[in-house]
Amino acid sequence: MSVILIAELLSQHRGMLALLLAGALALAITVLRPRSVSQRRHHRYQKQAARALLRLPQLRDDAARITWLRKMNPYVFEEMLLTAMSRQGFRIQRNARYSGDGGADGQVWINGQRWLIQAKRYSDTINAAHVSAFGLLTETERASGLFVHTGRTSEVSREAFLRYPGIRLISGQPLLRLLAGDRRWMEKLNVSPERQTPTRAVSPPAFSLSPSARKER
């Protein structure tokens with residue numbers, strides 16, 4: 001009797017059963033599908049960045065923190081910046097890959113304004129040519145720019161920054177504040193931390209820049 005009842009139920013709900021099976025199959029394929037090399041690398045660097053953000057405040061002082069950041073894998077440094085911004089409630093957008101990314105290392109939206117991010121893990125004085133290239137990119141993309149670095153800013157580089165008023169330099173103490181989740185780093189952006197309204201943090205897989213843009217590292 002029970003076998004007949006089950007057969008009748010299956011016959012009546014055949015369409016629903018097919019949808020459920022198709023959904024289960026699609027879910028299994030998504031979960032079990034092996035990640036690409038690029039996806040695995042992104043995942044690895046994001047995990048390393050999360051650990052680095054925990055490690056940073058445990059170092060002796062700010063000088064030790066900057067020295068430590070200067071020795072870091074540059075891709076982990078990129079992920080630290082994006083993760084720190086995401087944790088502060090800002091909408092971010094990561095690149096699909098680290099090389100050939102069009103000249104920017106990600107994006108963030110603050111008060112609805114789009115900012116391109118250039119992350120440079122320098123151990124010495126920054127390269128003024130990098131500043132100029134990033135400045136041209138922001139003009140091409142009609143966006144503001146955050147040039148975030150661990151090095152020292154020379155007079156030549158400061159002059160390059162003056163030629164591109166849409167770029168904000170984030171280094172030294174403001175950089176450490178950014179990574180620590182202290183919103184005073186936004187003083188460089190002329191945005192009041194108290195008045196800033198966070199948005200839901202998301203991390204889309206990629207973004208597109210103008211085809212003519214070129215990456216400099």
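Start by selecting strand β4, residues 144-149 (strands are DSSP E runs of at least two residues, helices H or I runs of at least four, both numbered from the N terminus): six of its six residues are buried, meaning under 20% relative accessible area with a 1.4 Å probe and protein chains only. This is a predicted model, in which local features need pLDDT of at least 70, side-chain atom pairs count only at pLDDT 80 or more, and totals for chains, interfaces and linings use all residues. Residues are numbered from 1 along each chain as its sequence is written, and side-chain values use heavy atoms, with hydrogens and water left out.

Now show the side chains of β4. Ser144, Leu146 and Val148 are buried on one side, and Gly145, Phe147 and His149 are buried on the other.

Next, add β3, residues 113-120. It pairs with β4 in the parallel sense over six bridges (pairing takes at least two DSSP bridges). Look for lysine 120, whose bridge partner in β4 is histidine 149.

Then bring in β5, residues 167-170, which runs parallel to β4 and is joined to it by four bridges. Here arginine 168 of β5 stands opposite leucine 146.

Time for the helices. Select α6, residues 128-141: with β3 and β4 it makes a right-handed β-α-β unit (clockwise from first strand over helix to second, with the strands pointing away from the viewer). Helix α7, residues 155-163, makes a right-handed β-α-β unit with β4 and β5.

Finally, move to helix α5, residues 74-87, which gives three residues, the largest share, to the lining of the largest cavity.

Methods. Buried < 20%, exposed > 50% of the residue type's maximum accessible area, 1.4 Å probe, protein only.
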